[in-house]
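Please read this briefing alongside the sequence and the model. It moves from the chain as a whole to its domains, then to one sheet, and ends with the surroundings of the ligand.

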Amino acid sequence: MIYDVIVVGSGFSAIAVTCNLIEQLPASAKVAVIGDDPGFGRGTAYRTELYLHRLNVPAGRMSLLPHRPDDFVDWLKARGRRLQAGDFASRSDYGLYVRDTLARLLRKRDNRCRVDLIKAKAAGCVERYNSTLAFQLGNGDEIAGRNVVLCLGVGNASLPVDPASVPPFLRSRIVENPWRLSWLRRVAPSDTVCILGSGLTMIDQVLALRAHGHRGRIDVLSRRGLAPLGHARTPPAPLPIDVQALPGTISDILKSLRAKSREAADWRAVMDGLRPVTGALWQRLSSEERARFLRHALPWWNIHRHRVAPDVFDRFEKLVSEATVRFHAGFLKSLAAEEDRLLAKYRVRATREFAGIRADWLVNCTGMERAGISHSPLLKEMSRIQLIAPDSLGIGIQVDAASEVVVPSRISPARLFAVGALTAGQFWEITAVPDIRVQAKAVVEEIVSTLPAPEA
Ligand SMILES: Cc1cc2nc3c(=O)[nH]c(=O)nc-3n(C[C@H](O)[C@H](O)[C@H](O)COP(=O)(O)OP(=O)(O)OC[C@H]3O[C@@H](n4cnc5c(N)ncnc54)[C@H](O)[C@@H]3O)c2cc1C
């Protein structure tokens, strides 16, 4: 059988695409969703079971379907959660909501397209008969489709040093993937922990450690030692930003935004005003300026733009103020054993000096560093045979304004799209639900518009 659409992935993006396909495709159409994640719809972000792991976007902006903006808030109300549109729900609830939304659409048997959810890893992809793309699955099967949507996320960045340099008895104390929360059960209350990376994943892990009874010291090492900031309890009104009036280089844009922040009562008003026009601003930047932004401004962008819920921020700040959590700015150079502990040696930022952090555990929270296609054997293989091409910034794959994959040498009727952070080179602001849901709907509309009409 040849599918009309194959969706590859099982996180939010894949489920958003699938839900839109169910709503828009004729009953005669056939869809396959290939995902290697047992919890279809949860992905990395919404798999957590801890209530402390909160969304960083208010509930009122987290509906899966942009044309039904209150969907998530209504779902929360129906579950008896006392949360309003401006509150920050738990990520585990959000994972359940995404799963429920898909299940609700699948329960509708009449007049809906066929959807096969296939639990498998897509291991390879080839073009067949110049009209379909065929995926080889980890279970040995092969499935082919006329339209494909890649929803693979950006994966986890690996440790910047080789853990093999550490004797085997200590290697089990290096947590390469902190999202397998089982490691928390092995940590003794007084153990010391070194966390690599200081973004949102670090805050999640610190709070998860505390919730598991950990009371020891936590050292956080990152290149700049910057941590995410908090949302305001009463958000300021966004300050409208005229993109056309902004200068053309990153350094001048930053100067202008800093000046606006000084004038505004709260800098968040400027960031929130920038939010709806970030895509337009990105389109105006030359490739050199985009690369300059990634090299110099990204850490500052991340901490101001991806903020944490106010109460989560307060809890974290208390740990910092009482020196339970300490920050170090530098570059990890090596990992070694010192007696029965790990020694992380790093070069101190802006100096030639070296320093060391001794800890019982080392946790890799460099997480959502933009790993490009390097995290995915499937994408690397697709790039090798020129089905996709990396974007010029190396943060994802080349797509056009309609999210369709662009490879100059490929001319084929089988259409290939990408949704989510893999398309950041083109859109930049495409890692969170409010943007991905719009992209998912637009991609489905494009696919539906070119499918042959069902036979009468
Ligand atoms: C900890 C964390 C918290 C976040 N919090 C928020 C938030 O509060 N609000 C918000 O809007 N955004 C948040 N985000 C951003 C989040 O990334 C997006 O909201 C969204 O979850 C991205 O989903 P995705 O499907 O694109 O990627 P992912 O969730 O990474 O899913 C990709 C899926 O593809 C599967 N896959 C990969 N390769 C293959 C293959 N070869 N074959 C089959 N399947 C494959 C993976 O197993 C995975 O399930 C958060 C992200 C993280 C990491």
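Among the 456 residues of the protein chain, 39% count as buried, in a model that is predicted. Of the contacts in the protein chain with a separation of 6 or more, 72% are between residues 24 or more positions apart. The secondary structure of the chain comprises 13 helices and 14 strands.

**Overall dimensions**

- The protein chain has a radius of gyration of 23 Å, which agrees with the value near 23 Å that a compact globule would have with 456 residues.
- Taken along the principal axes, the box filled by the C-alpha atoms of the protein chain is roughly 70 × 55 × 50 Å.

**Domains**

- The domain assignment divides the protein chain into domain 1 (2-155 + 370-450), domain 2 (163-229 + 308-364) and domain 3 (243-305).
- Between the C-alpha centres of domain 1 and domain 3 there is a distance of 28 Å, and the contact between these two domains involves 5 residues of domain 1 and 7 residues of domain 3.
- On the side of domain 1 that touches domain 3, the residues divide into 3 nonpolar, 1 polar and 1 charged.

**The open sheet of 7 strands**

- An open sheet of 7 strands follows the order 7-13-8-9-10-11-12 and has mixed pairing, with strand 7 (174-175) and strand 12 (354-359) as the edge strands, each of which pairs on one side only.
- At one edge, strand 7 and strand 13 pair in the parallel sense over 2 bridges, and I174 stands opposite L362 in strand 13.
- Strand 13 (residues 361-364) also runs parallel to strand 8 (residues 193-196), to which 4 bridges join it, and within this pairing L196 has N364 as its bridge partner in strand 13.
- How are the two faces of strand 13 placed, covered or open? Both are covered, since W361 and V363 on one side are buried, as are L362 and N364 on the other.
- Strand 9 (residues 218-222) and strand 10 (residues 325-338) run parallel and are joined by 5 bridges, with I218 standing opposite V325 in strand 10.
- Strand 10 and strand 11 (residues 341-348), by contrast, run antiparallel and are joined by 8 bridges, and E338 has R341 in strand 11 as its bridge partner.
- These two strands, 10 and 11, form a hairpin with 2 residues between them, and E339 in its turn has a positive phi of about 55°.

**Surroundings of the ligand**

- Which residues come nearest to the ligand, out of the 33 around it? They are G11, G43, G153, G420 and A432.
- By class, the shell around the ligand consists of 16 nonpolar, 13 polar and 4 charged residues.
- At least two residues of the shell are supplied by each of helix 1 (12-24), strand 2 (30-35) and helix 5 (200-211).
- In terms of domains, domain 1 (2-155 + 370-450) and domain 2 (163-229 + 308-364) each contribute at least three residues to the shell around the ligand.

Note on methods
Residues are numbered from 1 along each chain as its sequence is written. This is a predicted model: local features need pLDDT of at least 70, side-chain atom pairs count only at pLDDT 80 or more; totals for chains, interfaces and linings use all residues. A residue is near a molecule or strand if its C-beta atom, placed from the backbone, lies within 6 Å of it. Ala, Val, Leu, Ile, Met, Phe, Trp, Tyr, Cys and Pro count as nonpolar, Asp, Glu, Lys and Arg as charged, and the others, Gly among them, as polar. Domain bounds come from an automatic or database domain assignment. The radius of gyration is taken over C-alpha atoms; the globule rule is 2.2 Å times the number of residues to the power 0.38. A residue is buried if 20 or more other C-beta atoms lie within 10 Å of its own, exposed if 12 or fewer, and partly exposed in between; C-beta atoms are placed from the backbone. Two strands pair if DSSP finds at least two bridges between them.
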